[in-house]
Amino acid sequence: MKLDKKDILKALENITVPGEGQNMVESGAVKNIMVFGDEVVVDITISNPSLQARKKTEVEILKVIHEKVYNKAKITVNVKVDAPAAKPKANEIKGKPIPGIKNIIAVASGKGGVGKSTVTANLAVTLAKMGFKVGILDADIYGPSMPIMFDVAQEKPLAVNIEGKSKMKPIENYGVKLLSIGFFTQPNQAVIWRGPMAAKALNQMIFDAHWGELDFMLLDLPPGTGDIHLSIMQSLPITGAVVVSTPQEVALADARKGVAMFQQDSINVPVLGIVENMAYFTPEELPNNKYYIFGKEGAKHLSEDLNVPFLGEIPLVQSIREAGDVGRPAALQTATAIETAFEELTKNVVREVVDRNKSLPPTEAIKITTMAGCSAVKKK
Ligand SMILES: Nc1ncnc2c1ncn2[C@@H]1O[C@H](COP(=O)(O)OP(=O)(O)OP(=O)(O)O)[C@@H](O)[C@H]1O
Ligand SMILES: [Mg+2]
């Protein structure tokens, strides 16, 4: 039997493309048909990347050609996946704008244990000292650390009645308002949550809470770049992200992934910059000695490489760790090198936020309208 391309095309018209109401030929999925004796090669492109979809398409093609054209044809189907390119949604801020909250800054890392929570806590108290209204939303569902870092682990947020609606009242210490997933779970309770659940809980802690006016809400993220992060990023209007890394190679590799996560088309959150934590070790008694135990300026080089701002370096100092453990962030100790390091960092973050809000179209959620109390902030 002589196989004919036209017959094969006609047979393929019997296969419909799911969700499109068109057949495979009309939709342009059939890219090429070649016939060599009783052999047929069909090249097609589908948009659904799942293995199941590929298999199903392949089986359908074999079946219609065998049934309608020639039951002994030897058929090869080449399936190419051509997922519709995610349209870049330039500068679009996802989620509902949050009344009263001007900027949400996500603090992320990629690798765990590099000091996200420490940086978040100290950024927050420094912003508060500068006169900004600050809140922290502790989004680390694996190991919420803010209640301990702010010495409020025993507290439970109360409900307040706001215009007939019951709202959670954030706990406040050192001029920083705080809500944490830790307030609602038992200590030591392993929380195994999936992204959408975590995003829902966080949405509640934002929208069903009485934050009042905030210049900055800092979001302390769990480590990693997984499902949970995607859900959070896509459901909250995040102004920008601060990525924390140590100078170490393994941490830098993860920080790079962290930056890439924010920059991908479906997320598109501006990266405000990279912070180098544990940049060097300084013994308390020898404050001028610097030991680069995790390597020197790794995060700084990464920021140059990725063309994102370098926000500052924080030394590895015992008192930073101790302060975290006793629940009084180290930057609160006045006239110390640590306070200065966090001030530098904070000013750079504020400056990047201001620049970001100038250069990208403002949305209700990302406007920073007050620099009150931040006279120390130098403009570029
Ligand atoms: N600059 C620093 N100097 C000394 N100790 C630090 C410094 N930064 C962080 N630490 C300590 O390192 C440990 C890990 O820090 P932290 O909890 O802030 O990291 P993390 O990135 O939030 O961790 P996780 O990924 O588990 O959320 C803590 O004990 C903290 O006190
Ligand atoms: Mg943490």
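In this predicted model, K129 is partly exposed, with a relative accessible area of 38%. The side chain of K129 meets that of E339 in a salt bridge, with a distance of 2.8 Å from N to O. E339, by contrast with its partner, counts as buried, since its relative accessible area is 11%, which is under the 20% that marks the limit for buried residues. Because K129 belongs to helix α3 (residues 116-129) and E339 to helix α10 (residues 337-359), the pair ties together parts that are 210 residues apart in sequence. Side chains of opposite charge can pair when their charged atoms come close.

A search of the whole structure finds 11 salt bridges, and two further examples can be described in detail. The side chains of D305 and R256 meet in one of them, again with 2.8 Å between N and O. This pair links distant parts of the chain, as D305 lies in helix α8 and R256 in helix α7 (residues 249-263), 49 residues apart. R256 is partly exposed, and its relative accessible area is 40%. A salt bridge is also formed by the side chains of R321 and D325, at 2.8 Å from N to O. Here both residues lie in a single helix, α9 (residues 318-326), where they are 4 residues apart, or about one turn of the helix. R321 counts as partly exposed, at 48% relative accessibility.

On the surface, a nonpolar patch is formed by L286, Y291 and I293, which together have about 280 Å² of accessible area. Of these residues, Y291 is found in the loop that runs between β12 (271-281) and α8 (298-306), and helix α8 is also the element in which D305 of the salt bridge with R256 lies. The relative accessible area of Y291 is 37%, so this residue is partly exposed.

The largest pocket of the model has a volume of about 440 Å³. Its lining is made up of 22 residues, among which V17, P18, I46, S47 and N48 lie nearest the centre of the pocket. Both β2 (39-46) and α2 (51-68) supply at least two residues of this lining, and the largest share, 5 residues, comes from α2. In chemical character the lining is mixed, as its residues divide into 8 nonpolar, 9 polar and 5 charged.

Definitions and conventions. Residues numbered from 1 in each chain as written. Chains lettered and ligands numbered in written order. Predicted model: local features only at pLDDT ≥ 70, side-chain atom pairs only at ≥ 80, totals over all residues. Heavy atoms only, no water. Patch = residues over 30% accessible without salt bridge, like charges linked within 9 Å, V, L, I, M, F, W, Y side chains within 5 Å. Areas by Shrake-Rupley, 256 points an atom, 1.4 Å probe, with all protein chains shown as cover. Salt bridge = Lys/Arg side-chain N within 4 Å of Asp/Glu carboxyl O. Buried < 20%, exposed > 50% of the residue type's maximum accessible area, 1.4 Å probe, protein only. 1 Å grid on protein atoms, 1.4 Å probe; cavity = no way out; pocket = protein on both sides within 12 Å on 5 of 7 lines; lining within 4 Å. Points joined across faces, edges and corners; volume = space filled by probe spheres on them. Nonpolar A, V, L, I, M, F, W, Y, C, P; charged D, E, K, R; others polar.
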